[in-house]
Amino acid sequence: MKTYDILTIGGGPAGITIAKILGRQKKVGVIRPEDHSMVYCAMPYVLEDLIPIEKTLKRDELITDSGADLIRATVTDVSFEKNTITLNDGSICKYEHLIIATGATPMIPPISGTDLKGVYTFKTENDLKLIMSAIKEKRIKQAVVVGAGAIGIELAQALNSVVEECHLVEMAGSVLPNLIDEDVSRDVQDEMENLGISLHLKNKVTHIEGRDRVDRIILSQGADISFGDDEGLVVFATGMKANTDLFEDTELRLGNHGIVINNKMETNIDDVYAVGDCVQFESGITHEITLGKLATNAVPMARILAHNILGDDRTYEGYYNGAATKVGSLFIGGTGLTEEAAKNRFNVVVGYSELTTTFPIMPGAKHIKMKLIADKKTLRVIGGQIVSGSTVTDKIDIITLAIQNGLTTWNLTNFSYSAQPYQSFFPASNPIVACAERIIAKLKVEMANLKPDECVVSEFTN
Ligand SMILES: Cc1cc2nc3c(=O)[nH]c(=O)nc-3n(C[C@H](O)[C@H](O)[C@H](O)COP(=O)(O)OP(=O)(O)OC[C@H]3O[C@@H](n4cnc5c(N)ncnc54)[C@H](O)[C@@H]3O)c2cc1C
């Protein structure tokens with residue numbers, strides 16, 4: 001029986017991070033069934049034929065170069081009493097510390113017809129290959145993507161470029177509902193329609209019809225999408241469910257969204273930890289359990305845990321969910337709470353700005369629109385959204401840093417920024433500062449109309 005200091009179930013971004021940090025100092029084993037770990041984020045661009053699939057397959061050396069063992073297998077059983085795991089070939093490994101990093105699997109809503117041929121999900125190398133070969137061999141003419149989150153809209157664009165007709169169905173009233181508000185989404189929706197994608201907002205797929213293959217997709221508002229004599233495909237991008245089946249009848253504590261952990265990634269069982277998409281965790285803003293199945297959450301969790309195993313005393317603050325996507329020529333990003341989500345818990349105030357991404361006199365200047373969301377009572381920044389003709393992640397990350405550190409709108413009016421003709425607007429303004437100033441100006445107007453004891457903005461004197 002092989003014995004490890006650290007045994008990690010799962011070789012995705014979380015498992016790889018564990019191996020990279022601990023592999024040289026501990027005896028580490030990483031268990032992964034797939035031939036390759038993948039750059040999942042790039043899968044839509046393979047489908048779109050922008051990059052070959054080989055470029056998205058991660059090298060095993062990311063794990064083995066650190067000295068860690070890569071064990072190609074599936075864990076079929078865990079004994080927390082004996083500190084052992086059983087693999088699908090029957091062999092058993094013993095561990096001192098067990099790290100669960102089993103990720104998440106796409107969810108399909110419980111409706112009839114999802115077992116028909118032509119219905120897919122989009123997470124693994126296998127999912128990608130199945131969709132690619134269906135398009136190639138069956139000459140698919142129409143594609144339907146269900147769910148307009150970042151994965152759904154990237155997938156819809158990719159399919160739109162390789163089939164004749166592409167539909168995107170979303171139950172919310174706008175695209176990217178967890179990332180940006182409806183007002184910010186309008187440009188994105190226009191861009192999608194310009195690309196030729198048919199949007200079906202405020203619609204659920206109620207069921208799917210067909211004899212053997214999918215033939216008709218029925219929507220809640222009464223419309224249907226029919227494939228007629230041609231073959232079509234339907235891909236569900238309706239969210240992810242933590243991979244916890246292995247632990248269903250064990251003493252490991254599970255919540256509705258995954259394995260329950262504390263801010264040191266410890267589970268309820270000694271020497272058993274969990275990180276990444278397989279856990280449930282709280283928002284760093286509201287401290288309530290929230291969605292956050294992102295690689296940019298999985299990796300920091302794994303990094304904190306690995307350093308703690310080496311003796312640090314780090315804690316994970318929670319999800320802020322800074323994320324970005326791209327539609328046509330638009331780059332879109334969001335962080336923290338949307339105004340819609342924040343309204344349930346805060347008295348919200350928002351500010352907008354519109355500038356150019358470079359000095360407007362420079363060639364190639366693009367438009368940037370920003371929305372900043374703050375709590376009216378404390379003026380604490382709680383969210384931000386951007387739609388721009390140029391990359392947005394740098395600015396989204398600045399807003400996340402402000403949220404993480406409890407900065408207020410006043411703090412952002414004092415934000416000290418840089419400017420250069422090719423890289424920013426004139427020194428006269430900055431989109432983050434402009435949003436913060438708009439919020440302050442709005443509140444000044446509101447306050448002028450209030451009696452002093454009606455003023456909720458306790459910190460409004462700078
Ligand atoms: C199309 C797409 C685009 C995305 N884009 C982005 C993006 O732009 N930005 C971003 O931050 N995130 C993005 N994500 C999300 C990101 O990929 C995940 O959050 C991330 O992969 C989670 O990492 P993980 O290591 O926790 O889990 P995973 O990457 O899911 O890895 C889990 C591993 O555990 C293994 N495993 C499960 N059960 C067992 C078992 N019983 N035995 C052995 N091994 C097991 C799995 O096979 C897998 O190797 C995207 C995801 C998809 C699908």
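Student: Why does the radius of gyration of the chain agree with that of a compact globule?

Tutor: Taken over C-alpha atoms, the globule rule is 2.2 Å times the number of residues to the power 0.38; with 462 residues this gives a value near 23 Å, and the chain has 24 Å, which agrees. This is a predicted model, in which local features need pLDDT of at least 70 and side-chain atom pairs count only at pLDDT 80 or more, while totals for chains, interfaces and linings use all residues. Residues are numbered from 1 along each chain as its sequence is written.

Student: Why is Ile285 called buried?

Tutor: A residue is buried if 20 or more other C-beta atoms, placed from the backbone, lie within 10 Å of its own, exposed if 12 or fewer do, and partly exposed in between; Ile285 has 26 C-beta neighbours inside 10 Å and therefore counts as buried. Of the 462 residues of the chain, 44% count as buried.

Student: Where does Ile285 lie, and which residues does Ile285 touch?

Tutor: Ile285 lies in the loop between strand E22 (279-282) and E23, strands being DSSP runs of E of at least two residues and helices runs of H or I of at least four, numbered from the N terminus. Leaving aside residues up to four places away in sequence, Ile285 touches Gly336, Leu337, Ile382 and Ile403, where contact requires C-beta atoms, placed from the backbone, within 7 Å.

Student: What makes E19 and E23 edge strands?

Tutor: Two strands pair if DSSP finds at least two bridges between them, and four strands form an open sheet of mixed pairing in the order E19-E20-E22-E23. Strand E19 (254-255) and strand E23 (289-290) each have a single partner strand, so one side of each is left without a neighbour in the sheet.

Student: How do you know that E19 and E20 are paired?

Tutor: E19 and strand E20 (residues 258-260) are joined by two bridges in the antiparallel sense, and the criterion is at least two bridges.

Student: Why is the ligand said to lie between domain 1 and domain 2?

Tutor: Both domain 1 (2-37 + 52-105 + 241-309) and domain 2 (119-238) give residues to the shell around the ligand, so the ligand lies between them; the domain bounds come from an automatic or database domain assignment. The ligand is surrounded by 32 residues, the closest being Gly10, Gly12, Ala14, Gly103 and Gly276, with nearness set by a C-beta atom, placed from the backbone, within 6 Å. Helix H1 (13-22) and helix H7 (295-309) each supply at least two residues of this shell.

Note on methods: Two residues are in contact if their C-beta atoms, placed from the backbone, lie within 7 Å.
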